[in-house]
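This briefing describes how strands and helices are arranged in one protein model. Please keep the structure in view while reading the points below.

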Amino acid sequence: MPLLFPNRRKFRKDRRGRRTGKAISGSSVAFGDWGIQALEPAWITAHQIEACRTAMIRQLGRGGKLWIRIFPDKPVMKTPAETRMGGGKGNPEDWVAVVLPGRVMFELAGVDERRAKEVAEMVDHKLPIKTRLRRRLTLGGEE
């Protein structure tokens, strides 16, 4: 079982849905000084989120703080290999977070720009999508 998944759900299975459009909510850096933003649509699995979390915690050390802004609340069904057609949808096998372009997935605080770039590059290797590092907007409006 993955590490992150919902405690309860109203329904066991979801439809697959669409990954079109851009993220409206969660597209700005809200908590930390730096944000890691998705540039492509994807399903990010609970295992990928956990791999990013452990890599970032190891890289940040004691000085930094980390926020995870995505949660895998969508079940993904899989039917067993070499199964005949029909017989239903299959059982929930994995949990994913639906990420649209522009979504800030992780936020960091308490680190300088060089360390933030290193962390963002490490996270980019762990994820199946392109990401970029965003700075928190200040009152002046510059990024």
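Contact, as the word is used here, means that heavy atoms lie within 4.5 Å. The model is predicted. Its description below covers two open sheets, one of 3 strands and one of 4 strands, together with the helices that lie on them.

**The sheet of 4 strands**
- The strands follow the order E3-E6-E1-E7, and their pairing is antiparallel.
- At the edges are strand E3 (65-68) and strand E7 (131-135), each of which pairs on one side only.
- On average, neighbouring strands of this sheet are turned by 20° against each other, direction ignored.
- Strand E1 (residues 34-38) pairs with strand E6 (residues 104-109) over 4 bridges, in the antiparallel sense; Gln 37 stands opposite Val 104 in E6.
- Helix H1 lies across E1, E3 and E6 and runs at about 170° to E3.
- Helix H2 (residues 113-126) also packs on the sheet, where it touches E1, E6 and E7; the direction of H2 makes about 155° with that of E7.

**The sheet of 3 strands**
- Here the order is E2-E5-E4, again with antiparallel pairing.
- Strand E2 (42-45) and strand E4 (74-78) are the edge strands, each pairing on one side only.
- From one strand to the next, the twist averages 50°.
- E2 and strand E5 (residues 91-99) run antiparallel and are joined by 4 bridges; Ile 44 has Ala 97 in E5 as its bridge partner.
- Helix H1 (residues 46-60) lies across E2 and E5, at about 65° to E2.

**Side chains of E2**
- Ala 42 and Ile 44 point one way from E2, whereas Trp 43 and Thr 45 point the other way.
- All of these residues are buried.

Technical notes
Residues are numbered from 1 along each chain as its sequence is written. This is a predicted model: local features need pLDDT of at least 70, side-chain atom pairs count only at pLDDT 80 or more; totals for chains, interfaces and linings use all residues. Side-chain values use heavy atoms; hydrogens and water are left out. Two strands pair if DSSP finds at least two bridges between them. Axes are lines fitted to C-alpha atoms, for helices over the stretch in contact, and angles run from 0 to 180 degrees between N-to-C directions. Buried means under 20% relative accessible area, exposed over 50%, partly exposed in between (1.4 Å probe, protein chains only).
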